Amino acid sequence: MNYDKDQVLPAAVGLWPNILQSLAGIDSKVFNSKHQPCPLCGGNDRFRYIQKHNNPFLCSQCGSHSGINFYMELAGIDFNEAINDVGDFLNLIPVEKRELINRKAIVSNSLPNWYKFDFDLYQSIKEKVEVRLSPWQRVNMLNILDLLAYDKYTLVGLLNRAGDECDFMMFDVEGNKRSTNGNTIEPDGFYSVFGADAGKCTYLTTNPVTAAQSALFMGVKVICCYSIENMSSVLNNFHGHKVIAIVSDITETIEADDLQLPQLVFNSTKRQVGRKVWQPGEIIKHKESKK
């Protein structure tokens with residue numbers, strides 16, 4: 001049977017270890033992500049599998065290879081024959097299982113190599129969550145429907161640089177946070193969104209409580225970048241947007257000044273955002289003038 005490459009290759013994402021072990025008899029050790037002899041050119045300690053779906057096979061001698069090209073080289077066959085072999089193999093795997101493997105590979109590919117995303121836990125949480133008020137929301141007087149409750153945690157979607165949901169940030173009633181795999185530090189450029197689109201400005205802050213309460217108070221979408229160190233990277237995701245920082249302490253103010261962002265001041269006691277838009281440097285000057 002002849003297969004269309006545009007159907008076969010997307011369906012093979014994440015499945016190349018299975019495909020190559022079955023069709024080419026390649027050893028499973030090839031896929032341990034460690035440096036080792038190259039199956040193609042035979043060089044010592046120059047090859048590794050990097051678990052990315054574009055060109056997952058790397059060799060410092062013969063270069064990088066996509067899954068299909070790697071199979072063609074191993075089997076000594078042309079492109080059409082390779083596509084048909086892979087198509088026949090994929091037909092043996094139930095569609096639901098194949099789609100789950102594809103999804104896991106695509107999500108993992110969007111994350112930095114060091115970010116160990118717990119896909120199974122993420123999937124199980126997505127299936128169990130309900131849109132309802134959690135203890136964390138009640139403590140903070142929130143009623144925002146894009147916050148989800150799971151056990152003792154409130155969950156907020158964590159978005160990658162492309163704006164796709166890739167994980168959850170989990171909060172307890174004390175405001176302690178972690179991702180589903182236990183990370184407490186977010187990858188550069190990853191963020192969460194509170195509230196709905198309204199107006200032409202993008203509002204940016206570092207604290208999820210500030211973000212949620214500001215979104216509720218102003219009725220606008222607020223971006224949370226979770227840390228001072230991540231503010232610049234998240235700002236790059238919104239290049240071309242008019243961005244205003246919502247600041248609640250001096251460290252946020254200094255970082256917003258460095259990034260040349262206008263600022264609104266958040267009052268954590270009143271859970272309100274001031275109306276005055278401060279230009280970079282103005283808040284610091286104002287504080288110094290009162291000394």
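Which helices and which strand each supply at least two residues of the lining of the second largest pocket? In this predicted model, helix 10 (250-258), strand 12 and helix 11 (282-289) each do so, and helix 11 provides the largest share, with three residues. The space in this pocket amounts to about 180 Å³, and its lining consists of Val 247, Ser 248, Asp 249, Ile 250, Thr 253, Val 265, Phe 266, Trp 278, Ile 283, His 286 and Lys 287, which divide by class into six nonpolar, three polar and two charged residues.

The largest pocket holds about 510 Å³ of space and is lined by 24 residues, of which Tyr 49, Ile 50, Gln 51, Lys 52 and Ser 108 are the closest to its centre. Two or more lining residues come from each of helix 2 (16-23), strand 1 (47-49) and helix 5 (95-110), with helix 5 giving the largest share, five residues. By class, this lining comprises 13 nonpolar, seven polar and four charged residues.

As for the protein interior, the largest nonpolar core contains 35 residues, and those with the most contacts inside it are Phe 117, Ile 125, Leu 155, Phe 194, Tyr 203, Val 222 and Tyr 226. Among the elements that give two or more residues to this core are helix 6 (119-128), strand 5 (153-159), helix 8 (208-218) and strand 12 (263-267), while strand 6 gives the most, with five residues. When neighbours within four places in sequence are left aside, Ile 125 is in contact with Tyr 150, Leu 155, Phe 168, Met 170 and Thr 180. A second, separate core has 27 residues, including Cys 38, Phe 47, Leu 90 and Ile 93.

Note on methods. Residues are numbered from 1 along each chain as its sequence is written. This is a predicted model: local features need pLDDT of at least 70, side-chain atom pairs count only at pLDDT 80 or more; totals for chains, interfaces and linings use all residues. Side-chain values use heavy atoms; hydrogens and water are left out. A nonpolar core is a set of buried Ala, Val, Leu, Ile, Met, Phe, Trp, Tyr and Cys residues joined through side-chain atoms within 4.5 Å. Buried means under 20% relative accessible area, exposed over 50%, partly exposed in between (1.4 Å probe, protein chains only). Helices (H or I, at least four residues) and strands (E, at least two) are DSSP runs, numbered from the N terminus. Contact means heavy atoms within 4.5 Å. On a 1 Å grid over the protein atoms alone, a cavity is a set of points where a 1.4 Å probe fits but cannot get out, and a pocket is an open set with protein on both sides within 12 Å along at least five of seven lines; lining residues have an atom within 4 Å of a point. Grid points are joined across faces, edges and corners, and a volume is the space filled by probe spheres set on the points. Ala, Val, Leu, Ile, Met, Phe, Trp, Tyr, Cys and Pro count as nonpolar, Asp, Glu, Lys and Arg as charged, and the others, Gly among them, as polar.
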